[in-house]
Amino acid sequence: MVAAVELYLDPDATRRIRVLWDALEAEGVQSMRSLLEQRHRPHVSLMVAPRFDPEQVAEALQGTVVAAPLRLDFQHAGQFVGRVLWLGPAPTPELLAHHRLVHDRLAAAGIALAEHYQPGRWVPHCTLSMRVPNTLMAAAVRRCLEVLPLAATVVGAALTDHARGIAHPLP
């Protein structure tokens, strides 16, 4: 498991992604709904690290509105190596600038961040499944395309470390 700074979506977008999770499960694809005793919540991760110290993160982000009311327009489905399926919002200048701001604040505080979440390498996404069987990928992508485009607004943020039971809301 990893720790993350997560951006949460408005109720309508959250509901639509949960419906998509159910559709994927009906196709035989384990969705994020099944993980963490169904406590997983649709989100876009701004930062990931092997572990975060909540107090250090809170201090580094003091005065920063992590849950900025950004508009996210999910326009495509994608796949990462390892059978990870996701929906991707358009990488708008506002989203990329917000990501850089949060990254720079954490990096300046000496917090080690995952390489693939660095500015210029980060692919904004909402993970749907981490274990899509190769034989079911085409059906899973078709299910994703049924919900796109999907407009969302960021309404909350949290520092999470599910392995340690941490979920600290961020401003």
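In which helix does H103 lie? The legends below refer to a predicted model, and the first of them takes up this residue.

**Figure 1. Surroundings of H103 in helix α3.** H103 is part of α3, the helix that spans residues 93–108. The relative accessible area of H103 is 8%, and H103 counts as buried because this value is under 20%. With neighbours within four places in sequence set aside, the contacts of H103 are M47, L113, Y117, Q118 and P119.

**Figure 2. The buried face of helix α4.** Helix α4 covers residues 137–147, and its buried residues are M137, A139, A140, C144 and V147. Viewed down the axis of α4, these buried residues fall within an arc of 165°, so they line one face of the helix. R142 and E146, on the other side of α4, are exposed. The elements against which the buried residues of α4 pack are helix α1 (11–26) and the strands β3 (71–80), β4 (84–89), β5 (126–129) and β6 (150–161).

**Figure 3. Packing of α1 with α4.** Two packed helices are described by the angle between their axes and the distance between the axes. For α1 and α4 the angle is about 155° and the axes are 10 Å apart. An angle over 145 degrees counts as roughly antiparallel, and α1 and α4 are therefore roughly antiparallel to each other. The crossing of α1 past α4 is right-handed. On the α1 side, the residues that meet α4 are R16, L20, A23 and L24; on the α4 side, they are A140, R143, C144 and V147. Of the residues in this contact, six are nonpolar, none is polar and two are charged. A140, C144 and V147, which meet α1, are also among the buried residues of α4.

**Figure 4. The loop between α4 and β6.** P149 is located in the loop that runs between α4 and β6. The peptide bond that leads from L148 to P149 is cis, and its omega is near 0°. The helix before this loop ends at residue 147, and the strand after the loop starts at residue 150.

**Figure 5. R83 between β3 and β4.** R83 sits in the loop between strands β3 and β4. Phi of R83 is near 70°, which is a positive value in a residue other than glycine. R83 is partly exposed, and its relative accessible area is 35%. The two strands that flank the loop are among the elements that pack against the buried residues of α4.

**Figure 6. A67 in the loop between α2 and β3.** The loop that holds A67 links helix α2 (54–60) to strand β3. A67 has a relative accessibility of 16% and counts as buried. With sequence neighbours within four places left aside, A67 is in contact with V154, G156, A157, L170 and P171. The C-alpha atoms of A67 and E6 are 8.9 Å apart, although the two residues are separated by 61 residues in sequence.

**Figure 7. P169 in strand β7.** P169 belongs to strand β7, which comprises residues 166–170. P169 is exposed, with 68% relative accessible area. Apart from neighbours within four places in sequence, P169 is in contact with A157 and A158. One of these, A157, is also a contact of A67. Between P169 and L159, which are 10 residues apart along the chain, the C-alpha separation is 6.3 Å.

**Figure 8. A114 and R121 in the loop between α3 and β5.** Both A114 and R121 are found in the loop between α3 and β5. A114 has a relative accessibility of 15% and counts as buried, whereas R121 is partly exposed at 48% relative accessible area. Not counting residues up to four places away in sequence, A114 touches V48 and A49. With the same exclusion, R121 touches E115 and H116. The C-alpha atoms of A114 and L87 are separated by 20 Å, and the two residues are 27 residues apart along the chain. The C-alpha atoms of R121 and E146 are separated by 28 Å, with the residues 25 apart along the chain. E146 is an exposed residue of α4.

Note on methods: Residues are numbered from 1 along each chain as its sequence is written. This is a predicted model: local features need pLDDT of at least 70, side-chain atom pairs count only at pLDDT 80 or more; totals for chains, interfaces and linings use all residues. Side-chain values use heavy atoms; hydrogens and water are left out. Buried means under 20% relative accessible area, exposed over 50%, partly exposed in between (1.4 Å probe, protein chains only). Helices (H or I, at least four residues) and strands (E, at least two) are DSSP runs, numbered from the N terminus. The arc is that of the directions from the helix axis to the C-beta atoms. Contact means heavy atoms within 4.5 Å. Axes are lines fitted to C-alpha atoms, for helices over the stretch in contact, and angles run from 0 to 180 degrees between N-to-C directions. Angles under 35 degrees count as roughly parallel, over 145 as roughly antiparallel, 65 to 115 as roughly perpendicular and the rest as oblique. A crossing is left-handed if the near helix is turned anticlockwise from the far one by less than a right angle, and right-handed if clockwise. Ala, Val, Leu, Ile, Met, Phe, Trp, Tyr, Cys and Pro count as nonpolar, Asp, Glu, Lys and Arg as charged, and the others, Gly among them, as polar.
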